[in-house]
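Welcome! Open your viewer, get the selection tool ready, and follow along one stop at a time.

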Amino acid sequence: MKISVCGKGGSGKSTIVTLLANEALARGYHVLVVDSDESNSGLYRMLGFERLPVPLMELVGGKQRLKQKMGQPNVLSGSQIATAGIPEQYSVKRDSLRLVAIGKIMQSLEGCACPMGVLSREFLKKLTLQTNELAIVDMEAGVEHFGRGVETSIDSVLIVVEPPLESIEVAQKIHDLASGIGIKNVWAIMNKVPSDEIVTRLQTELRGRNIPVAGCIHFDPEVFSSSIEGSVPTNGRAMEEIKDVLALMLARAGIHAPK
Ligand SMILES: Nc1ncnc2c1ncn2[C@@H]1O[C@H](COP(=O)(O)OP(=O)(O)OP(=O)(O)O)[C@@H](O)[C@H]1O
Ligand SMILES: [Mg+2]
């Protein structure tokens, strides 16, 4: 299953990606995390790695080369990519967890991020997973990735929603765009919710907009304070709450425990 984690900037996408990855590992899955955010670089740290892998953009010759190739039917060679086939220097790996990054904007005036969108789309399309593998994609904030077609081969979309209306409105847009391209499993996950009263209000609001809710991660002071060092706690309330979310997503996608 390929899961895309999206939502408004700062809603908690990278945190949720990390919680999901840790929970999937605990369930015995092999997990490939795809860092598709061209602006922020901290996901590797949240996942407990010491460095960002060399971005896949370098595999195709860097951004300028990728730009030149953009009109061609393929920028990556071959018709399928297995996780084991990703060249070693383009991923970082620990036990059953592997991280790849598409590319990062490094300089001012280097041009738009469209080439990274093209590469993300093609990589995710060609990526073939074994039954015991899950891919979890940390998307850039907002909705532009839908315009670039990055989600065309995604099975499940998880939209991270905070209580403010602005976040709910972005979630609505993502839900409609994802459903519009035929993705069957589109979920919202409520995040940073401060009280059960707000959980009920937010849930009612989302359901009223026909956005199915996969669960809730309360505002967790431990998650927040860990972010000062760039990490995400591997136990505690948020880790407990993510369990039901992944269980529901796997069950609805018809995926059973790995062998
Ligand atoms: N459930 C939570 N409880 C407390 N703090 C949280 C929670 N979820 C996320 N945060 C905090 O919110 C901040 C933003 O989280 P994160 O970086 O995961 O968001 P993001 O959506 O990936 O941001 P960006 O759009 O910049 O990539 C971090 O300080 C993080 O620790
Ligand atoms: Mg992020």
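Begin with the elements that surround ligand 1: select α1 (13-26), β9 (185-193), β10 (213-218) and α9 (221-226), each of which supplies at least two residues of the shell around the ligand. Keep in mind as you look that this is a predicted model. Which of these elements gives the largest share of the shell? It is α1, with three residues.

Next, show the residues around ligand 1 as sticks. There are 21 of them, and those that come nearest are K13, S14, T15, N191 and D220. If you colour the shell by class, you will find six nonpolar, ten polar and five charged residues.

Now zoom in on some polar contacts.

- Select T15: an N or O atom in the T15 side chain lies 2.6 Å from an oxygen atom of ligand 1.
- Move to N191, where a side-chain N or O atom is 2.9 Å from a nitrogen atom of the ligand.
- Then pick V223. Here the partner is a polar atom of the backbone, 3.5 Å from an oxygen atom of ligand 1.

How much of ligand 1 does the protein bury? Taken alone, the ligand exposes 630 Å², and the protein buries 85% of that.

For the next stop, hide the ligand and look at the space around it. Ligand 1 sits in the largest pocket, whose volume is about 510 Å³. This pocket is lined by 26 residues, and G10, G12, T15, M46 and K192 are the closest to its centre. You have already met T15 through its side-chain contact with ligand 1.

Finally, colour the lining by element. α1, α2 (43-46), β9, β10 and α9 each supply at least two of its residues. Once again look to α1, which gives the most to the pocket lining, with three residues. Switch to colouring by class, and the lining shows eight nonpolar, twelve polar and six charged residues.

Definitions and conventions: Residues are numbered from 1 along each chain as its sequence is written. Chains are lettered from A and ligands numbered from 1 in the order in which they are written. This is a predicted model: local features need pLDDT of at least 70, side-chain atom pairs count only at pLDDT 80 or more; totals for chains, interfaces and linings use all residues. Side-chain values use heavy atoms; hydrogens and water are left out. A residue is near a molecule or strand if one of its heavy atoms lies within 4 Å of it. A polar contact is a pair of N or O atoms within 3.5 Å; within protein, one must be able to donate a hydrogen and the other to accept it, and residues adjacent in sequence count only if both atoms are side-chain atoms. Accessible areas come from the Shrake-Rupley method with a 1.4 Å probe; for residues, only the protein chains shown count as cover. On a 1 Å grid over the protein atoms alone, a cavity is a set of points where a 1.4 Å probe fits but cannot get out, and a pocket is an open set with protein on both sides within 12 Å along at least five of seven lines; lining residues have an atom within 4 Å of a point. A molecule sits in a cavity or pocket if more than half of its atoms lie within 2 Å of its grid points. Helices (H or I, at least four residues) and strands (E, at least two) are DSSP runs, numbered from the N terminus. Ala, Val, Leu, Ile, Met, Phe, Trp, Tyr, Cys and Pro count as nonpolar, Asp, Glu, Lys and Arg as charged, and the others, Gly among them, as polar. Grid points are joined across faces, edges and corners, and a volume is the space filled by probe spheres set on the points.
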